[in-house]
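Thanks for coming. I have one structure to go through today, and I will keep it short. Please have a look at the picture before I start.

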There are 2 protein chains.
Amino acid sequence: MQAAFELYHEHGFEQTTVAEIASRAGLTERTFFRHFADKREVLFAGADALTDLMVSTVVDAPASLMPIEAAAAGLEAAGALIQEGGELPQQRQAIIAASAELQERELIKLASLASALADALRARGVVEPAAILAAEAGIAVFKVAFGRWVQVVDGQELPAVIRESFDQMKTVSAGR
Amino acid sequence: MQAAFELYHEHGFEQTTVAEIASRAGLTERTFFRHFADKREVLFAGADALTDLMVSTVVDAPASLMPIEAAAAGLEAAGALIQEGGELPQQRQAIIAASAELQERELIKLASLASALADALRARGVVEPAAILAAEAGIAVFKVAFGRWVQVVDGQELPAVIRESFDQMKTVSAGR
DNA sequence: GCGCTGATGACAGTGGCTGCCATCAGCGTA
DNA sequence: TACGCTGATGGCAGCCACTGTCATCAGCGC
């Protein structure tokens with residue numbers, strides 16, 4: 001993972017071959033593919049932990065919370081976890097932003113996150129179509145908030161940006 | 001396009017080689033790649049027309065419409081265009097649903113649609129963060145509505161499903 | 001009949017990814 | 001201690017998506 005991260009940063013994702021990554025890591029190409037399904041997956045290795053935290057936060061949230069609020073709580077928790085990564089998330093995002101292939105992979109990870117979020121909401125007793133809509137809307141807010149947080153120079157807290165974006169979404173979707 | 005569509009339908013996307021597509025179409029593999037950037041792109045050839053229709057509808061919508069309502073109008077127009085395709089959209093979606101690679105490509109097309117939608121809203125004078133949020137929320141609604149429309153057997157109109165989903169989203173995101 | 005242009009064929013090459021088999025270190029057990 | 005098992009790795013051949021390059025060829029204006 002470290003070797004891949006360095007090489008993607010130095011020469012760009014597409015200019016880096018798996019052979020180079022394996023070589024720097026002191027392994028063979030074959031072994032690389034035993035650890036990662038493909039060349040992109042290296043950058044998304046920690047996604048499961050994020051999903052788990054979000055789901056458990058949603059499931060354990062007070063029953064009094066409305067679906068969209070439970071989703072917000074889960075995504076704020078995920079945001080807090082991301083922020084613990086220091087400057088790594090920003091560097092990772094810079095690599096992703098430079099490659100269409102990686103953006104595709106990120107989008108499907110977010111779609112998987114939305115699916116898990118919808119499941120968590122259903123576990124709270126939320127029925128369709130509210131579960132899917134709240135999940136998709138929540139992920140949409142998360143995408144926008146994360147994008148803002150990555151760009152901004154000053155050290156605003158990611159969970160705060162997420163919460164603020166949820167409030168703005170409420171206003172926008174009300175049509176006012 | 002027709003050869004690819006048939007083969008993807010008959011044997012699945014991943015089991016189909018470009019050589020087979022080219023052979024059925026009476027061309028060489030090299031010529032296939034002169035018409036389509038890659039093996040997936042064949043299924044997304046008509047996406048530009050959809051984007052154009054959505055954008056022009058949003059730009060030309062009455063100035064009195066709120067951002068989310070303008071987005072809804074644009075996406076309903078896109079839905080109407082899709083519905084003109086007869087049973088093709090459903091068949092296409094069945095192929096996509098069977099392949100993770102194709103789902104990735106579809107998601108990035110939807111992200112591109114969201115970006116175009118945000119631009120169209122900005123052309124209406126909508127400022128940030130309302131433009132991005134309304135665009136992302138609109139695409140989220142569109143995804144859900146399209147998913148419902150594809151599943152449902154009876155002949156409900158796609159634009160009507162989209163409009164209904166927008167209303168439900170309003171309720172959900174209000175937290176009620 | 002001539003030259004231009006755009007589309008296609010043909011071919012070699014790169015690199016991501018997989019299947020298969022050999023090797024080897026660690027480890028429990030007779 | 002020797003044996004056998006297991007899990008991780010190396011090595012290798014091969015498939016296929018995709019690209020660069022050059023030759024060919026049909027159409028078309030002159």
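I will go from the single chain to the pairing of the chains, then to the DNA, and end with a few individual residues.

First, the ground rules. This is a predicted model, in which local features need pLDDT of at least 70, side-chain atom pairs count only at pLDDT 80 or more, and totals for chains, interfaces and linings use all residues. Residues are numbered from 1 along each chain as its sequence is written, while chains are lettered from A and ligands numbered from 1 in the order in which they are written.

On confidence: pLDDT is the predictor's confidence in each residue, from 0 to 100. Chain A has a mean pLDDT of 95, with 99% of its residues at 70 or more. Among the elements of chain A, helix H6, residues 88–97, has the lowest mean, 95, and H7(A) has the highest, 98.

Now the fold of chain A. There are nine helices and zero strands; here helices (H or I, at least four residues) and strands (E, at least two) are DSSP runs, numbered from the N terminus. The C-alpha atoms of chain A fill a box of roughly 55 × 35 × 25 Å along the principal axes. Of its 176 residues, 37% count as buried. For burial, we count other C-beta atoms, placed from the backbone, within 10 Å of a residue's own: 20 or more is buried, 12 or fewer is exposed, and in between is partly exposed. Two residues are in contact if their C-beta atoms, placed from the backbone, lie within 7 Å. Among contacts in chain A between residues at least 6 apart in sequence, 59% join residues at least 24 apart.

Next, the core. A nonpolar core is a set of buried Ala, Val, Leu, Ile, Met, Phe, Trp, Tyr and Cys residues joined through C-beta atoms within 7 Å. The largest nonpolar core has 76 residues, and those touching the most other members are Leu117, Leu121 and Ala137 of chain A, along with B:Leu117, B:Leu121 and B:Ala137. Leaving aside neighbours within four places in sequence, A:Leu121 has contacts that include A:Val58, A:Pro67, A:Ala70 and A:Val126.

How do the two chains relate? A turn of 180 degrees and a shift of 0.0 Å along the axis lay chain A on chain B with an RMSD of 0.0 Å. The two copies are therefore related as by a two-fold rotation axis. The superposition is by least squares on the C-alpha atoms of residues with pLDDT of at least 70 in both copies.

The contact between them takes 29 residues from chain A and 29 residues from chain B. On the chain A side, H5 (67–83), H7 (100–123), H8 (130–151) and H9 (158–173) each supply at least two residues. H8(A) has the largest share, nine residues. By class, that side has 17 nonpolar, five polar and seven charged residues. In this count Ala, Val, Leu, Ile, Met, Phe, Trp, Tyr, Cys and Pro are nonpolar, Asp, Glu, Lys and Arg are charged, and the others, Gly among them, are polar. The copies meet through the same surface, because 100% of the interface residues of chain A are also interface residues in chain B.

Now the DNA. A residue is near a strand if its C-beta atom, placed from the backbone, lies within 6 Å of it. Around DNA strand D we find, among others, A:Thr28, A:Arg34, B:Ala19 and B:Lys39. H3(A) gives the most to that surface, three residues. Around DNA strand C, the residues include A:Ala19, A:Lys39, B:Thr28 and B:Arg34. There the largest share, three residues, comes from H3(B). The surface near strand C has four nonpolar, three polar and five charged residues.

One of the residues around strand D, B:Ala19, sits in helix H2 of chain B. B:Ala19 is exposed, with 11 other C-beta atoms within 10 Å. B:Ala19 and B:Phe32 are 13 residues apart in sequence and 8.8 Å apart in space, C-alpha to C-alpha.

Last, a backbone detail. Most peptide bonds are trans. The bond from A:Glu128 to A:Pro129 is cis, with omega near 0 degrees, and A:Pro129 lies in the loop between H7 and H8 of chain A. In chain B, the bond from B:Glu128 to B:Pro129 is cis, with omega near 0 degrees.

That is what I have.
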